Amino acid sequence: MSRTEKLQSVIEDLKNQFEGDIIEIKQHAGDQQIRVSLNKIHDVCEYLFQKHHFAYLVDVFGADRFTSEDRFEVIYHIVSLKTGVRIFLKTWCSEENPVVPTVTDIWEGANWNEREVWDMFGIRFEGHPDLRRIFMPEDFTYHPLRKEFPLLGIPGSIDLPTTTPDSE
Amino acid sequence: MELKNSILDKSKPTFFEKHQNALYKSLEDKHTTVEVEQDPLGTRMILNMGPQHPATHGVLRLLLELEGEKILRNRLDIGYLHRGIEKIAENKTYQEFMPYTDRMDYLSPYSNNVALCTAVEKIAQIEVPDRAQYIRMIGAELARISSHLLFLGAMVMDTGAISFFIWTFKERERIYDIFDNFGGHRFTISHCRIGGVHNDLTPECISMIKEFTESFPKEHSDWLKLLNKNRIFYDRNANVGNITYDQALQLGVTGPNIRAVGVPYDIRKFDPYLKYDEVEFDIPTRLEGDNLSRYFIRMEEMLESIRIIRQCLDKMTPGPIRTDNAKQTYPSKDEVYYSMEGLIHDFMMTDTGICPPAGVECYHAVEAPKGELGFYIQSDGTGHPWRMKIKSPSFTNLQGLEKMLDGEMIADTVVMIGGIDPVMGESDK
């Protein structure tokens, strides 16, 4: 069975198991993105981990669908080392309440990736053990990869050391 | 002297106060079971290592809680080299963004260029001529050797042998010279173009590469003689920085670090790109999962790279080095200077760039020296990506380091950082 067939069988199985919660399946250049409803994303991840050997989490990252209805998107990129299948799961959350359940209990390595999403997009992960910012200091209050954040930054948003050594 | 119970009582940060306090707080919360009640000798302390430290390979900051010489728990603080290149990418055309990728993993710029180009070619469905693919493979493998050489020199220097660094740099210097001839730059080469490469290899460059592939294995075997049976080197690395199979999978470490626990996860074989399915090479793996096994894997990988380069040189046939479609790639300079259409196309490529279809997204990864380096691109139909996520191997590997450091000795910290081989430019993005 080729890799695309295996991927198809995984998707078919997901469709049967989580009828109605698999909202959309998009395909481009061989990559399949499966959109799952927000309240089932953790279950789908766990199901894939346990039943289809998706033991390796490559990445978790966010995206900003600026001006769209459910504004933020979290994408989970997982690989099955047994069959070599790559799957991209995604889920959307609203701007007013950007909270997504954590997957650190399934893949420990999601820890830093989720911290990065929190830092860059301000999406909180419910149940995350240590949700701190990862690149920016805690004193920074903006989320820079949101589309409304200006490319040049916001003057005064971050406390920088004085450049002249003598001044206090 | 009264022992203060909380780290927060002791620390009085003067700069980024919230940030420092959050870090200390998180260190304290890490394992609630570890409690030191009495500390009559004052051996328990918090050591801030870095970000300015010669052995942390850049601006990595480690917060170590020590009891004597033993690390009880630790936290890593990254982001000191954060430049926001994902944000920059959203405001540049795909080709304009390429010089930024050079500066991510600055020890192997060519691999990063290849990663970006292959990802854009996948999303925009651009065909690349064979010769260009072989040239890219040669460049990427030379970059791998160059990166592993720096790893080797730095790691051996971390274990105490200073002169070794200079010997590996002698070889790296030759690779720089080859790259100088390759694309006109010694370091941040930016030689790839979307749809091909910038220029063909000169006969002189090919002979330089051939010469390198002949003389390098000799140097390599000399190093093996020096290191493999070296008592000091062996003892400093064996059983240091252990990570188990389960932990490695759970944490998602990548590159030589995951191959050191016996997972043959190498994108070149797992998901072949360019012409890697047409050349013969092996993926070295080990089972021990310690620093020494990572060293052995990287040493073997260098020889495998030499093998790949030799095959590429044999298989390369003369031909075009860039797609002949001015809507998808830059036209050659001959066209630009001598035809009006060429000039217009060149202008359009610079101004608008390549426009993948609207609303599509895809991912492509290459095996960089540090591990899986991938670009996930979401396109909105314009010449700029809507979102470009860079999956950088150093970032995931550093997360593994945080796990490994617990319970180790302070003196081994430096060796373990060397063994993981992180590049902060890449992990901090």
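**Helix packing, a sheet and a chain contact in a predicted model**

Me: α6(B) and α17(B) pack against each other; are they roughly parallel or roughly antiparallel?
Reply: This is a predicted model. Helix α6 (residues 130-158) of chain B packs on helix α17 (residues 410-420) of chain B at an angle of about 170°. An angle over 145 degrees counts as roughly antiparallel. The two helices, α6(B) and α17(B), are therefore roughly antiparallel.

Me: How far apart are the axes of α6(B) and α17(B)?
Reply: Two packed helices are described by an angle and a distance between their axes. For α6(B) and α17(B) the angle is about 170°. The distance between their axes is 9 Å.

Me: Which residues of α17(B) meet α6(B)?
Reply: From α6(B) come Ala154(B), Met155(B) and Asp158(B). The residues of this contact divide into four nonpolar, two polar and one charged. On the α17(B) side they are Val414(B), Val415(B), Gly418(B) and Gly419(B).

Me: What span does α6(B) reach from its first C-alpha to its last?
Reply: α6(B) has 29 residues. At 1.5 Å a residue, 42 Å is expected. The span of α6(B) is close to that, at 42 Å.

Me: How many of the 29 residues of α6(B) are buried?
Reply: A residue needs 20 or more other C-beta atoms within 10 Å to count as buried. α6(B) is largely enclosed by the rest of the structure, because its buried residues number 27 of the 29.

Me: Which residue just after α6(B) takes a positive phi?
Reply: α6(B) covers residues 130-158. Just after this helix, phi turns positive, at about 125°. The residue is Gly160(B).

Me: Which strands stand at the edges of the sheet in chain B?
Reply: Three strands form an open antiparallel sheet in the order β6-β7-β8 (chain B). Each edge strand has a single partner, so one of its sides is left without a neighbour in the sheet. The twist averages 10° from one strand to the next. The edge strands are β6 (358-368) and β8 (385-391) of chain B.

Me: What is the bridge partner of Phe375(B) in β8(B)?
Reply: β7 (residues 371-380) of chain B pairs with β8(B) in the antiparallel sense. The pairing runs over six bridges. In β8(B), the partner of Phe375(B) is Ile390(B).

Me: Which helix packs on the sheet, touching β6 and β7 of chain B?
Reply: The direction of this helix makes about 150° with that of β6(B). The helix spans residues 109-124 of chain B. Its name is α5.

Me: Which element gives the most to the side of chain B that touches chain A?
Reply: Here 37 residues of chain B are in contact with 33 residues of chain A. Elements that each supply at least two residues of that side include α5, β6, β7 and β8 of chain B. By class, the side has 14 nonpolar, twelve polar and eleven charged residues. The top contributor, with five residues, is α2(B).

Me: What pattern does chain A follow along its sequence?
Reply: Chain A has three helices and seven strands. Of its 168 residues, 41% count as buried. Read along the sequence, the pattern is α-β-β-α-β-β-β-β-α-β.

Me: How does Gly262(B) count, with 14 C-beta neighbours inside 10 Å?
Reply: Gly262(B) sits in the loop between α11 (256-259) and α12 (267-270) of chain B. Beyond four places in sequence, Gly262(B) touches Tyr245(B), Thr285(B), Arg286(B) and Leu287(B). A count between 12 and 20 lies between exposed and buried. With 14 neighbours, Gly262(B) is therefore partly exposed.

Key:
Residues numbered from 1 in each chain as written. Chains lettered and ligands numbered in written order. Predicted model: local features only at pLDDT ≥ 70, side-chain atom pairs only at ≥ 80, totals over all residues. Helix = DSSP H or I, 4+ residues; strand = E, 2+ residues; numbered from the N terminus. Pairing = 2+ DSSP bridges. Axes fitted to C-alpha atoms, helices over the stretch in contact; angles between N-to-C directions. Contact = placed C-beta atoms within 7 Å. Nonpolar A, V, L, I, M, F, W, Y, C, P; charged D, E, K, R; others polar. Parallel < 35°, antiparallel > 145°, perpendicular 65-115°, else oblique. Expected span 1.5 Å × (residues − 1).
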